[in-house]
Amino acid sequence: MDRLFRVEHGFVVERAGRLHEASGDMFGAYELGRPIAGGPADLKLLAPVRPSKIVCVGLYYKDHAAETGHALPAEPLIFIKPSSAVIGPGETIRLPPGVGRVDHEAELGVVIGRRAHRVPRARAWDYILGLICVNDVTARDLQKKESQFTRCKGFDTFAPIGPCIATGLNGEPRSIEGWVNGERRQASSTKQLIFAIDLLVEFVTFVMTLEPGDIIATGTPEGIGPLTAGDTVTVTIEGVGELSNPVKAEV
C-alpha cells in the first residue's frame, strides 16, 4: 500500500512507513526517488487532489439514518459539493457569519483514478485510485430550511480533504471517527454503509462521468455535532489517515 501526499513541488509517497520523493503521474505510473527524512507531519501538505467535483451521498450509514429519524433509502441519495469548497490538512474552516449552526461530518472518500463513465459494479475498483478522509462541513440550520443542499454544503472551506490518498485498499470494513478538541464525537465503521462502495461507483457513473481526482464522499455515521470558532476538528479513518483542521469565525 502506498500513501500519496501532495506538496508544493509535486507529490511524495509513503511506502512501508518511509517517505520518498516521487516522479511521474500520481494517476498513472510513478517511480520512487530518494528517501525523505522525517514524516508527513514535517511537510507542508496540500489537498491531495483538486477534484472537478465531489459527489456526496446523504443518509448512507444505517446508524446516521436512525439518528436522524429517516427510513433507509432504496437507492443512494446524491448531491454535489463544489471544488471551490476544498481545503487541505491544517487549513482553516471558516464559519460564515449569520448562518447559524455549522456541523462536522466525518466521511470516507473514494478518489477516482481514471475517467469513469457507466462503470459496471464488477469493475468499479479498477477505476478507484484510493481512499481519503473527508469532512463534509454543513451549515445545519440552512439545511433544515431548504430542500436542496447546494448552499448549506457549498461554502468555501466546507470540504477539507486529506491528508493523503491511501492506495491498494479495498472495501473491507474500517473504523471511522470524528473528533473535536480531542473529544471523540463520531465512532462507527464502514460496515454500517447501506450500499457497498462498488455499487455506489456504478450508481454515480451511470448519472455522470467522473474524472481523475474526483471524489465520492460516502456519507457520515452518527454523532454529527456543531463546530465553534477555536475548535480543531479531526477525521480519522483506519488504514487511511488523520485529517485535522482548525475552525475560525469569518468576519
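## Burial criterion and the position of Thr 167

A residue counts as buried when its relative accessible area is under 20%, and as exposed when that area is over 50%. The structure discussed here is a predicted model. In this model Thr 167 has a relative accessible area of 11%, which is under 20% and therefore makes Thr 167 buried.

Thr 167 is located in the loop that runs between β13 (159–166) and β14 (175–180). When its neighbours within four places in sequence are set aside, Thr 167 is in contact with Met 1, Asp 2, Leu 4, Leu 129 and Gly 130.

## Overall dimensions and composition

The protein chain contains 4 helices and 19 strands. Its radius of gyration is 17 Å, close to the 18 Å given by the globule rule for 251 residues, so the chain is as compact as a globular protein of that length. Along the principal axes, the C-alpha atoms occupy a box of roughly 50 × 45 × 30 Å.

Buried residues make up 53% of the 251 residues in the protein chain. Among contacts in the chain with a separation of 6 or more, 72% are between residues 24 or more positions apart.

## Surface and charge

The protein chain has an accessible surface of about 11,000 Å², and carbon and sulfur atoms contribute 50% of this surface. The chain carries 27 positive and 31 negative charges, and the mean positions of the two sets are 2 Å apart.

## Strand β1 and its partners

Strand β1 covers residues 2–7, and 5 of its 6 residues are buried, so this strand is largely enclosed by the rest of the structure. Strand β1 is joined to strand β2 (residues 10–15) by 6 bridges, and the two run antiparallel. The connection from β1 to β2 is a hairpin of 2 residues. Within this pairing, Arg 6 has Phe 11 of β2 as its bridge partner.

Strand β1 also pairs with β13, again in the antiparallel sense, through 2 bridges. Here Arg 3 stands opposite Ala 166 of β13. The loop that holds Thr 167 lies between β13 and β14, and the contacts of Thr 167 include Asp 2 and Leu 4, while β1 itself spans residues 2–7.

## Strand β10 and its partners

Which residues of strand β10 are buried? In strand β10 (residues 106–112), 7 of the 7 residues are buried, so the strand is largely enclosed by the rest of the structure. Ala 106, Leu 108, Val 110 and Ile 112 point one way from β10, whereas Glu 107, Gly 109 and Val 111 point the other way; all are buried.

Strand β10 has an antiparallel pairing with strand β11 (residues 128–135) that extends over 7 bridges. Glu 107 of β10 has Val 134 of β11 as its bridge partner. A further antiparallel pairing links β10 to strand β16 (residues 215–217) over 3 bridges, and in it Val 111 stands opposite Ile 215 of β16.

## The open sheet β12-β9-β17

An open sheet of 3 strands has the order β12-β9-β17, with antiparallel pairing. The edge positions belong to β12 (138–139) and β17 (225–226); each has a single partner strand, so one side of each is left without a neighbour in the sheet.

Strand β9 (residues 102–104) pairs with β17 in the antiparallel sense over 2 bridges. The bridge partner of Asp 103 in β17 is Pro 226.

## The loop between β4 and β5

Two residues illustrate this loop. Leu 46 has its place between β4 (30–35) and β5 (54–58), and Ala 37 lies in the loop between β4 and β5 as well.

Ala 37 has a relative accessibility of 73%, which is over 50% and therefore makes Ala 37 exposed. The C-alpha atoms of Ala 37 and Ile 194 are 42 Å apart in space, and these residues are 157 apart in sequence.

For Leu 46, neighbours within four places in sequence again being left aside, the contacts are with Arg 6, Val 7, Glu 8, Gly 88 and Pro 89. Arg 6 is the β1 residue whose bridge partner in β2 is Phe 11. From Leu 46 to Pro 96 the C-alpha to C-alpha distance is 23 Å, with 50 residues of separation in sequence.

Terms used
Residues are numbered from 1 along each chain as its sequence is written. This is a predicted model: local features need pLDDT of at least 70, side-chain atom pairs count only at pLDDT 80 or more; totals for chains, interfaces and linings use all residues. Side-chain values use heavy atoms; hydrogens and water are left out. The radius of gyration is taken over C-alpha atoms; the globule rule is 2.2 Å times the number of residues to the power 0.38. Buried means under 20% relative accessible area, exposed over 50%, partly exposed in between (1.4 Å probe, protein chains only). Contact means heavy atoms within 4.5 Å. Accessible areas come from the Shrake-Rupley method with a 1.4 Å probe; for residues, only the protein chains shown count as cover. Lys and Arg count as positive and Asp and Glu as negative; His and the chain ends are not counted. The place of a charge is taken as NZ of Lys, CZ of Arg, CG of Asp or CD of Glu. Two strands pair if DSSP finds at least two bridges between them.
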